[in-house]
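Here are a few notes to read with the model open beside you. Take them one at a time and find each piece as you go.

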Amino acid sequence: MANEQVVIALADKNLGPVGVELERYIKDALVHLTDQTTYAIIPETQALREVSELADEIFEWIASNRNSLTDDEAKYLRAKLSETYEEPFGYFYLTYKLHKTPVKTRPVCSDCASITHALGQWVDEQLQPIVQAQHTYFKNSFALKEELLTLTLPPNASLFSFDAVSMYTNIDTEECIARLEDYLMNPTTQSTFPHYPAEALVDAIKIIMRNNRMKFGDIIVHQLIGIAMGMAPAPTIANLFVALHEQRELLSFLDGDCLLYLRRFIDDGLGIWLHHHDKRIDTIHWNAFKAAVNNGGLTWEFTPRSKQVDFMDLTIEIVDGHIETKLYKKPLALHLYIPPSSCHPPGVATGLIFGNVLRIFQLNTQQKNIDADLIQFYHDLMDRGYQPSFITPLFQKAIDNATKYLSQSPAYRLQCKQKKLEQSRRRIFLHLPYHPNDPTSTTIRRLWRTLVARPHGQPPLNAMTNHHGDPIPIDNMVIAYHRSLNLGNILSYRKICKRSGPKVSSYLD
């Protein structure tokens with residue numbers, strides 16, 4: 001990029017790229033990083049010493065919990081510990097909340113190359129089944145919509161949503177650790193979820209939550225409270241932290257006569273309220289519920305109770321005692337779909353159309369809204385450069401696919417999913433960089449079938465045994481393309497220390 005004094009940042013909520021002067025970007029970041037209640041800026045010598053001690057602590061954790069880890073888990077954790085030792089820190093960056101007035105920023109940690117990342121992945125894997133079993137959990141918007149459609153609502157029902165204010169940085173670290181430790185070490189919890197090693201998991205959570213160190217330009221910061229958005233287990237830890245509070249103080253409201261329904265997706269909640277005929281009593285109940293929600297260590301903001309609410313990517317409305325939904329798009333959404341000129345495998349465009357068409361069918365309850373969204377999506381793709389001759393046949397196939405999928409019963413869908421999962425265990429992947437002038441994936445797979453899997457006059461590969469005498473359970477090969485660097489990679493703003501100009505440290509008082 002010719003102008004190193006402009007940072008191409010990202011807007012929050014997938015609202016596209018944002019050009020920001022480097023000086024403003026640094027100052028915006030320092031608004032967060034100089035908050036001494038949340039972050040501490042530490043000397044590099046101290047950071048390197050502490051991260052060396054951290055590496056020893058993680059290595060000791062692996063050794064002491066070896067019996068609780070599979071061979072693959074232990075091998076992966078050790079390998080990642082070695083890989084990240086030379087560059088052990090995450091990278092701090094901002095996304096811009098263009099949908100807010102005035103514009104605000106969201107602090108994020110790019111954690112994938114940090115020394116704690118692999119352990120964080122293990123924590124996330126252990127916590128996922130527990131989080132998914134909590135009362136207010138739902139998988140995605142389609143699952144929520146399907147659940148809402150089963151409800152019959154009385155005339156006094158209203159919808160409301162609520163969202164946490166800066167959830168990740170406002171979670172008190174020690175309070176979170178204590179709450180999770182009390183729950184995870186409980187014999188009842190361990191009996192309900194026998195898959196996890198309690199002491200190992202609690203110790204790993206302590207390591208992750210107390211040891212987030214990030215680079216921003218030439219400074220290094222240590223996060224003192226909360227858990228950084230962008231770290232592998234951040235959503236699951238935050239989710240469980242709130243869910244345990246819900247168990248203790250909120251679910252009892254569902255047994256009363258004012259709260260009919262309550263669901264939450266990390267820091268976004270949805271509820272159905274039953275109004276009392278006496279407005280004074282109704283207000284008392286409503287304020288008591290809001291106070292209980294806010295009594296769990298975080299601050300939550302509530303929308304007014306009404307017959308319609310925008311929640312995640314849904315507009316939800318009560319109509320004649322039942323729920324209707326339609327797809328919600330933020331007014332600032334730019335619909336920056338991958339253009340046809342981009343160097344991606346042809347299947348990417350097919351997947352884009354099939355996936356979005358299915359989503360339109362899944363989230364809309366009225367055919368008129370399905371039709372309107374399909375037309376809008378079609379025109380959005382044309383605006384990105386796609387030709388009608390290319391996308392029209394794909395749209396028809398995608399519509400047929402969505403119609404067929406939604407006509408199937410959940411049991412049949414699960415059966416198909418399990419069948420595909422079993423088939424996936426009998427295939428291998430060939431990872432290749434994609435180039436449009438290379439042989440097509442169809443050509444490569446045909447060569448593999450005729451020369452390796454089922455060569456003429458020779459036994460098929462899946463009927464043979466390896467040098468240990470074990471069968472070779474391989475039926476298919478999948479070409480797994482990885483793309484070249486795109487503009488987002490080339491203009492990446494996470495390592496701003498490589499840019500010319502004043503250092504971040506020069507902006508500190």
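1. Start with helix α15, which gives the most to the lining of the second largest pocket: 6 residues. Keep in mind that this is a predicted model. The helices that each supply at least two lining residues are α5 (141–148), α12 (346–363), α14 (388–407) and α15 (410–424).

2. How big is that second largest pocket? Its volume is about 660 Å³. The lining counts 17 residues, and the closest to the pocket's centre are F142, Y405, R413, L414 and K417. Sorted by class, the lining has 7 nonpolar, 4 polar and 6 charged residues.

3. Now look for an open sheet of 3 strands, in the order β12-β13-β14, with antiparallel pairing. Its edge strands, β12 (308–311) and β14 (322–327), each pair on one side only. From one strand to the next, the twist averages 25 degrees.

4. Zoom in on β13 (residues 314–319) and β14: they pair in the antiparallel sense over 6 bridges. One to try finding is E317, whose bridge partner in β14 is E324. Helix α5 packs on this sheet and touches β12, β13 and β14, with its direction at about 5 degrees to that of β13. You've met α5 already, as one of the helices supplying the pocket lining.

5. Strands of a sheet can pair either parallel or antiparallel, through backbone hydrogen bonds. For the parallel kind, go to β15 (residues 427–433) and β16 (residues 476–482), which pair over 7 bridges. There, P433 has H482 of β16 as its bridge partner. Add helix α16 (residues 441–453) and you have a right-handed β-α-β unit made of β15, α16 and β16.

Technical notes
Residues are numbered from 1 along each chain as its sequence is written. This is a predicted model: local features need pLDDT of at least 70, side-chain atom pairs count only at pLDDT 80 or more; totals for chains, interfaces and linings use all residues. Side-chain values use heavy atoms; hydrogens and water are left out. Two strands pair if DSSP finds at least two bridges between them. Helices (H or I, at least four residues) and strands (E, at least two) are DSSP runs, numbered from the N terminus. A crossover is right-handed if, with the strands pointing away from the viewer, the path from the first strand over the helix to the second runs clockwise. On a 1 Å grid over the protein atoms alone, a cavity is a set of points where a 1.4 Å probe fits but cannot get out, and a pocket is an open set with protein on both sides within 12 Å along at least five of seven lines; lining residues have an atom within 4 Å of a point. Grid points are joined across faces, edges and corners, and a volume is the space filled by probe spheres set on the points. Ala, Val, Leu, Ile, Met, Phe, Trp, Tyr, Cys and Pro count as nonpolar, Asp, Glu, Lys and Arg as charged, and the others, Gly among them, as polar. Axes are lines fitted to C-alpha atoms, for helices over the stretch in contact, and angles run from 0 to 180 degrees between N-to-C directions. Contact means heavy atoms within 4.5 Å.
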